[in-house]
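Work through the three exercises below with the sequence and the structure in view, and try each task before reading its solution.

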Amino acid sequence: MRLNVNVSQDKYVVASLVPLVVMLVAMFVGGATAQVAFSFAAITFIALYVLIGTHSSEDRFSPRPFVALAAGLLVMLGVAFALLWYYHFQNPAYTDPTYWLGFPRATAIVVYLLWMPPALYLMFSYPYLFDRYIWSEEQAEEFREMNRVTASAEVGGEEE
């Protein structure tokens with residue numbers, strides 16, 4: 001079997017292998033440094049995953065908006081993980097927990113910084129980017145034509 005990889009076409013897929021290898025090595029090594037390395041490799045992989053999903057539009061548009069989206073995601077997740085690890089290493093036994101907004105501090109960081117802001121960030125930026133950079137008018141017309149053909153076939157099938 002021959003591996004057919006075109007680095008210029010598959011650059012995000014090839015780049016995503018690096019954080020995956022870092023994550024694998026971190027799992028085997030263990031320890032505090034490996035935990036932090038695993039976390040940041042995971043968020044790098046997530047950002048590259050966003051870029052992989054938008055790779056098909058690069059022939060029509062510049063990838064800059066998607067790279068900026070991925071960079072913003074990296075910053076948000078990086079800050080959340082940095083806070084999470086900072087507070088974890090201050091009190092690893094988790095004795096006498098401090099509460100933020102009704103949750104222990106680590107849980108509050110996960111819920112309010114690690115989950116919600118990135119989800120809202122992607123949820124509000126994707127529709128903006130979709131109409132402008134992902135969905136082309138040619139694809140929209142193809143979709144409309146398929147819908148017309150399907151609708152006319154259904155109408156024609158009901159009359160028989």
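Helices (H or I, at least four residues) and strands (E, at least two) are DSSP runs, numbered from the N terminus. This is a predicted model, in which local features need pLDDT of at least 70 and side-chain atom pairs count only at pLDDT 80 or more, while totals for chains, interfaces and linings use all residues. Residues are numbered from 1 along each chain as its sequence is written, and side-chain values use heavy atoms, with hydrogens and water left out.

**Exercise 1.** List the elements of the protein chain in order from the N terminus, and then describe how α1 and α2 pack.

Solution. Begin with the order, which reads α-α-α-β-β-α-α from the N terminus on; the protein chain thus has five helices and two strands. Next, two packed helices are described by the angle between their axes and the distance between the axes. Axes are lines fitted to C-alpha atoms, for helices over the stretch in contact, and angles run from 0 to 180 degrees between N-to-C directions. For helix α1 (residues 11–29) and helix α2 (residues 32–53), the angle is about 160° and the axes are 8 Å apart. Angles under 35 degrees count as roughly parallel, over 145 as roughly antiparallel, 65 to 115 as roughly perpendicular and the rest as oblique, and α1 and α2 are therefore roughly antiparallel to each other.

**Exercise 2.** Find the salt bridges in the whole structure, and work out which residues they join.

Solution. A salt bridge is a side-chain nitrogen of Lys or Arg within 4 Å of a carboxyl oxygen of Asp or Glu, and a search of the whole structure finds three. Glu141 meets Arg144 at 3.4 Å, N to O, and these two residues stand three apart in helix α5 (residues 137–159), about one helical turn. Glu141 also meets Arg148, at 3.5 Å, N to O. Arg148 in turn meets Glu145 at 2.7 Å, N to O. Because they share partners, these salt bridges join Glu141, Arg144, Glu145 and Arg148 into one network.

**Exercise 3.** Decide whether Trp115 is buried or exposed, and name the surface patch to which Trp115 belongs.

Solution. Buried means under 20% relative accessible area, exposed over 50%, and partly exposed in between (1.4 Å probe, protein chains only). Trp115, which lies in helix α4 (residues 105–134), has a relative accessible area of 54% and is exposed. Patches are made of residues with over 30% relative accessible area and no salt bridge, with like charges joined within 9 Å and nonpolar side chains (Val, Leu, Ile, Met, Phe, Trp, Tyr) within 5 Å. Trp115, Met116, Leu120, Met123 and Phe124 make a nonpolar surface patch of about 570 Å².

How values were computed: Areas by Shrake-Rupley, 256 points an atom, 1.4 Å probe, with all protein chains shown as cover.
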